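Student: I would like to work through this structure step by step. Can we take it as short questions and answers?

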Amino acid sequence: MLPPDTAVFARHTSQADYRTGDLKLGRIAVLADLGRYLQVPFDCLVKCVGAMPSQQDLQRIRNNLTNKESKILTDDESGLRWTDFTPPAKSKGSEENVFKPLGRIISEILAEVPNRRISFLANPNGTPLSQRNNTSRPDGYLVLSDKQTEAKMHWFDIAIPFEFKKEQDTESLRDKIIWSLHSIMREDPCRRFAFGITIEDMQLRLWLSNRACLAVTEPIDFFQNIDSVISLFYALGSASASSTMNELGWDPTVERIRDGKKIQYEFIIGDEVFTTTRELATYGADSMVGRGTRVYEATDAGGEKVAIKDSWREVERQSEGEILESILASCAEKLQAEELADAKRYFVGIRLWKDVIIDDTPDVTLDPLVGEEHNRSWKWVSIDLQPILSARPHLPSAGDIPDSGRLSAFLPTQLGGIARNDTGIPRRVHTRTVFDDVGVAVKDVTSLADNLTCLSDGLKALYYMHKAGWIHRDFSVGNVIWVGGMGKLGDFEYAKKIESQTSRDVRTGTIHFMAVEVERQKYLFRSTTSNVRPVGRKPHGTSLPSHPPFRMNFLHDIESVWWAFTWIFFYHTDTTNANHSLDALHAQWKNFQLAFPGTVGRPSRQEFFFFVDELQTVCDDVLSETCRDVGDCIPHFAGALQDGYRKAEAKYPLLALDDTLLNDIHRQAAEYLDGAQQRATGIELCPLPNLLKQKRPRPREETSPSPKKKPRHG
């Protein structure tokens with residue numbers, strides 16, 4: 001019996017609330033995605049930072065801080081203490097003034113480190129520069145020393161953010177430092193991880209953010225543990241002394257460069273250097289824990305155009321290049337020679353893939369417990385999501401793809417998400433892939449005929465994968481690209497063999513295009529008269545369970561194609577009809593949001609797919625005449641899929657997923673797509689939100705600008 005697929009959970013940083021630019025909503029989304037963080041002993045995490053001072057060095061630093069004119073430390077009959085820094089909660093001044101002596105303490109400790117490259121700056125009122133709409137400001141930070149005189153800091157330049165509170169307010173301080181760490185990690189492709197520091201009255205905590213987990217230390221008393229405070233800032237200074245500063249999370253294999261006013265990056269991959277020319281997709285870096293995927297268009301040393309994907313995969317999983325190699329090997333084994341040659345045309349070409357190597361070692365996420373004997377003195381701390389998620393109502397989906405709706409496994413009782421389980425620390429390895437094919441994703445193609453050709457070619461790629469015994473599990477309008485007049489299927493990170501024994505299914509689809517059964521994690525089309533046995537009773541000679549665990553199959557991939565097909569018609573309207581009424585556009589948009597709500601578990605989405613007669617009425621009522629004539633097969637395509645599910649699940653718990661069903665459902669799906677494509681010639685598409693913005697009611701004195709003509713391909 002094969003293990004079940006992992007259930008899905010929507011990433012809040014991929015939904016509309018996060019993308020409003022509202023700081024409060026952004027923080028809520030980040031915390032909701034995170035769900036929990038790791039608490040570890042203080043010494044564990046400090047040892048991950050850099051070289052700790054020896055006892056001899058520690059005594060020397062104490063003496064220097066006591067004897068200097070600045071008199072940072074006082075050693076008298078009452079013991080060793082900070083000279084000017086008193087417990088904040090007992091101080092009457094403002095928070096800014098109360099923590100002002102802290103800056104001198106940190107600066108003097110750092111001054112004891114030879115060749116340090118970071119300096120402390122307090123920043124109660126300044127907002128760091130950002131590539132995003134980010135209005136947050138840390139209370140202070142350690143910055144690159146050569147940047148400390150800049151009029152304004154950029155998040156790029158912040159080595160370690162600080163947050164301070166005079167009194168006990170753990171949750172507020174936690175939320176602020178998490179947002180600062182999140183901002184660093186999403187802004188800067190040169191950062192592999194980042195440290196942060198919070199001081200809450202007398203309690204100091206060190207934080208670590210990487211793509212595997214968020215970790216925080218148990219608090220130490222800033223006034224009682226003076227040696228620990230000195231050791232921490234000495235270690236941070238030591239970590240900054242190297243030319244690459246990789247111990248503070250910077251990546252020596254990436255360099256930020258200026259191309260005129262634009263920022264670009266040079267990536268070292270293997271023995272080659274690639275220079276980016278534009279971003280293709282960086283939304284994967286928005287979630288603190290996960291793959292952190294960024295994709296760029298780039299050129300190699302010879303000027304040849306490629307695409308680069310930078311991400312963090314689970315250490316147990318194969319790279320995307322290895323997975324595609326395995327798919328092609330299965331195709332070579334199970335397909336005819338002509339089919340194999342044809343199949344290769346419909347898969348994106350991968351030029352090379354390499355794990356990132358730093359100091360002759362694979363770049364794996366830090367594990368604060370490596371080599372420690374703390375056993376269970378660490379623990380996962382849950383973030384209470386109920387007050388967070390109920391703080392503001394969910395906003396309707398903006399419809400953008402792939403900006404809304406990336407999924408991952410999340411609940412701590414399930415495997416996946418960050419390749420974790422509750423008995424150990426998750427690990428991820430940094431990897432890069434270079435693709436030969438650089439094109440336009442289906443979501444950005446504005447010709448309806450080209451759009452449908454691209455989908456049809458993606459379906460052909462799925463057909464060959466399915467015949468070879470594989471499923472893709474993430475078909476979407478962001479994963480099929482238009483290259484040289486044809487569509488090619490990409491993003492094989494979550495593909496697996498149908499009979500695979502693994503249950504570590506990190507993500508099982510993009511939310512807008514996920515099969516309904518996958519969303520529900522159950523078989524929904526089994527006959528009410530099928531031979532389902534009562535729990536605990538088994539017929540003689542068989543060991544089949546009464547309810548087999550849910551697993552994806554080829555029908556779910558094809559349903560994802562149907563959702564992509566439907567999305568094209570409901571998210572767009574044609575540009576040939578100049579008389580779109582505002583009421584008609586709003587009616588179409590309302591139905592789009594019912595079908596594509598941008599979050600898991602909305603009944604309207606399942607009903608949209610299930611009730612074919614009502615779907616036919618919706619298509620007739622809300623789609624423009626031009627689009628309706630092309631997409632009139634949407635309900636029939638849904639009905640064919642439901643018939644396929646019923647055939648497969650007719651003898652549940654046995655599933656009849658044979659070659660006859662595979663060939664039949666693929667034939668029907670291809671006929672629907674090809675027929676629609678033949679009727680789509682000459683039709684250009686306009687995203688519905690763009691048209692609604694142009695047609696919104698305006699005050700009489702406001703002049704409406706003429707809409708700009710869009711290029712044929714997005």
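Tutor: We will go through sheets, a cavity, helix contacts and some loop details, and the model is a predicted one.

Student: In what order do the strands of the open sheet of seven strands run?

Tutor: The sheet is open, and its pairing is antiparallel. Its strands twist by 35° on average from one to the next. Read across the sheet, the order is β12-β13-β14-β15-β16-β22-β17.

Student: Which are the edge strands of that sheet?

Tutor: An edge strand here pairs on one side only. That holds for residues 254-259 and for residues 350-355. The edge strands are β12 and β17.

Student: Which residue of β22 stands opposite Leu352?

Tutor: β22 covers residues 428-435. It pairs with β17 in the antiparallel sense, over five bridges. Opposite Leu352 stands Val434.

Student: Which helix packs on this sheet, touching β16, β17 and β22?

Tutor: Look at residues 320-334. The direction of this helix makes about 130° with that of β17. The helix is α8.

Student: Now the cavities. How much space lies in the second largest cavity?

Tutor: The model has four cavities of 30 Å³ or more. The second largest cavity holds about 60 Å³.

Student: Which element gives the most to the lining of the second largest cavity?

Tutor: The lining includes Lys309, Ser311, Arg313, Ile323 and Thr431. Three elements, β16, α8 and β22, each supply at least two residues. The one that gives the most, with three residues, is β16.

Student: How do the residues of that lining divide into nonpolar, polar and charged?

Tutor: Some names help first: Arg291, Gln318, Ser319, Glu320, Thr433 and Glu493 are among the lining residues. By class, the lining has one nonpolar, five polar and five charged residues.

Student: Next, the open sheet of three strands. Which are its edge strands?

Tutor: The order is β23-β25-β26, with antiparallel pairing. Residues 440-441 and residues 486-489 each form a strand that pairs on one side only. The edge strands are β23 and β26.

Student: Which helix packs on this sheet, touching β25 and β26?

Tutor: The helix covers residues 448-467. Its direction makes about 40° with that of β26. The helix is α11.

Student: What is the bridge partner of Val480 in β26?

Tutor: Start with strand β25, residues 480-483. Four bridges join β25 to β26, and the two run antiparallel. The partner of Val480 is Leu489.

Student: On to helix pairs. How are α11 and α13 oriented to each other?

Tutor: Their axes lie 11 Å apart. The helices pack at an angle of about 175°. An angle over 145 degrees counts as roughly antiparallel. The two helices are therefore roughly antiparallel.

Student: How many nonpolar residues has the contact of α11 with α13?

Tutor: From α11 come residues including Leu448, Leu452, Leu455 and Leu459. From α13 come residues including Phe554, Ile558, Val561 and Phe565. Two polar residues and one charged residue also take part. The nonpolar count is 12.

Student: Why is α13 described as roughly perpendicular to α15?

Tutor: Helix α13 covers residues 554-571, and helix α15 covers residues 603-610. Their axes are 12 Å apart, and the angle is about 100°. Angles of 65 to 115 degrees count as roughly perpendicular. So the name for this arrangement is roughly perpendicular.

Student: Which residues of α15 make the contact with α13?

Tutor: On the α13 side are Glu559, Trp562, Trp563, Thr566 and Phe570. The contact divides into five nonpolar, one polar and two charged residues. On the α15 side are Arg605, Phe608 and Phe609.

Student: How many residues lie between β3 and β4 in their hairpin?

Tutor: Strand β3 is residues 73-76, and strand β4 is residues 79-82. They pair in the antiparallel sense over four bridges. Asp76 stands opposite Gly79. The number between the strands is two.

Student: Is the peptide bond from Tyr652 to Pro653 cis or trans?

Tutor: Pro653 sits in the loop between α18 and α19. Omega of the bond is near 15°. The bond is cis.

Student: What is phi of Asp360?

Tutor: Asp360 lies in the loop between β18 and β19. Phi is positive here, in a residue other than glycine. The value is near 65°.

Notes
Residues are numbered from 1 along each chain as its sequence is written. This is a predicted model: local features need pLDDT of at least 70, side-chain atom pairs count only at pLDDT 80 or more; totals for chains, interfaces and linings use all residues. Side-chain values use heavy atoms; hydrogens and water are left out. Two strands pair if DSSP finds at least two bridges between them. Axes are lines fitted to C-alpha atoms, for helices over the stretch in contact, and angles run from 0 to 180 degrees between N-to-C directions. Contact means heavy atoms within 4.5 Å. On a 1 Å grid over the protein atoms alone, a cavity is a set of points where a 1.4 Å probe fits but cannot get out, and a pocket is an open set with protein on both sides within 12 Å along at least five of seven lines; lining residues have an atom within 4 Å of a point. Grid points are joined across faces, edges and corners, and a volume is the space filled by probe spheres set on the points. Ala, Val, Leu, Ile, Met, Phe, Trp, Tyr, Cys and Pro count as nonpolar, Asp, Glu, Lys and Arg as charged, and the others, Gly among them, as polar. Angles under 35 degrees count as roughly parallel, over 145 as roughly antiparallel, 65 to 115 as roughly perpendicular and the rest as oblique.
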